[in-house]
Amino acid sequence: MTPTHTDCLFCKIIAGEVPGTIVFQDESIVAFRDVSPQAPLHVLIVPRKHIPSLNDLVPDDDGLVGSMVRLAASLAKEHGYHERGYRTVFNTNGEAGQTVFHIHLHLLAGRRLIWPPG
Ligand code: 5GP
Ligand code: ZN
């Protein structure tokens, strides 16, 4: 079991201490709906391991991050968005708007997404 960081919201959702609408889970990753969806499909893909930001990744995490990205593609396909298109985003630190310091890959789909992002 990965230890729960007591003050981390996503560790609490992963541990079932805070409710979340979980769409996928396995031994290393949990994916749940964003509470404030910015698109018809807005899922957060979260490793069970508490990693505060991309700045904290180590080489041992490479497989985990690869699995997160492949899961995003798989969930996009499962929801019928793989051909229309979808966006995957990691926000890191203040200017990018990171608010939860446990890495998560946003999967957004179901509407036209502007570029550059705001
Ligand atoms: P960040 O801004 O760190 O990239 O993304 C954090 C995301 O977590 C935001 O999109 C926000 O809506 C979402 N979020 C914040 N609190 C909760 C919560 O309690 N439950 C869920 N499911 N999502 C949350
Ligand atoms: Zn955490």
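**Exercise 1. Where does Leu9 sit, and what does Leu9 touch?**

Leu9 lies in helix α1; helices here are DSSP runs of H or I with at least four residues, strands are runs of E with at least two, and both are numbered from the N terminus. Before going on, please note that this is a predicted model, in which local features need pLDDT of at least 70, side-chain atom pairs count only at pLDDT 80 or more, and totals for chains, interfaces and linings use all residues. Residues are numbered from 1 along each chain as its sequence is written, chains are lettered from A and ligands numbered from 1 in the order in which they are written, and side-chain values use heavy atoms, with hydrogens and water left out.

Step 1: look at the surface. Leu9 counts as partly exposed because its relative accessibility is 40%; buried means under 20% relative accessible area, exposed over 50%, and partly exposed in between, with a 1.4 Å probe and protein chains only.

Step 2: list the partners. Leaving out residues up to four places away in sequence, Leu9 touches Val18 and Val100, where contact means heavy atoms within 4.5 Å.

Step 3: compare sequence with space. Leu9 and Phe101 are 92 residues apart in sequence, and their C-alpha atoms are 8.7 Å apart.

**Exercise 2. Describe the overall fold of the protein chain.**

Step 1: count the elements. The protein chain has 3 helices and 5 strands.

Step 2: put them in order. Along the sequence the pattern reads α-β-β-β-α-β-α-β.

Step 3: check the compactness. The radius of gyration is 14 Å, close to the 13 Å that the globule rule gives for 118 residues, so the protein chain is as compact as a globular protein of that length. This radius is taken over C-alpha atoms, and the rule is 2.2 Å times the number of residues to the power 0.38.

Step 4: add burial and contacts. Of the 118 residues, 36% count as buried. Among contacts with a separation of 6 or more, 54% come from residues 24 or more positions apart.

**Exercise 3. How do β1 and β2 pair?**

Step 1: find the direction. Strand β1 (residues 22–25) and strand β2 (residues 29–33) pair in the antiparallel sense over 3 bridges; two strands pair if DSSP finds at least two bridges between them.

Step 2: look at the connection. With 3 residues between them, β1 and β2 form a hairpin.

Step 3: pick a facing pair. Phe24 stands opposite Ala31 in β2.

**Exercise 4. Is Asp61 buried or exposed, and which residues does Asp61 touch?**

Step 1: locate the residue. Asp61 is in the loop between β3 (41–47) and α2 (62–78).

Step 2: read the accessibility. Asp61 is buried because its relative accessible area is 4%.

Step 3: name the neighbours. Not counting residues up to four places away in sequence, Asp61 touches Lys49, Ile51 and Asp56.

**Exercise 5. Compare Gly16 with Asn93, then inspect the backbone.**

Step 1: take Gly16. This glycine is in the loop between α1 (9–15) and β1, and Gly16 is exposed, with a relative accessible area of 58%.

Step 2: take Asn93. Asn93 lies in helix α3 (residues 93–96) and is partly exposed at 33%. Its phi is near 65°, a positive value in a residue other than glycine.

Step 3: relate the two. Gly16 and Asn93 are 77 residues apart in sequence and 26 Å apart in space, C-alpha to C-alpha.

Step 4: finish with a cis bond. The peptide bond from Trp115 to Pro116 is cis, with omega near 0°, and Pro116 is found in the segment after β5 (105–109).
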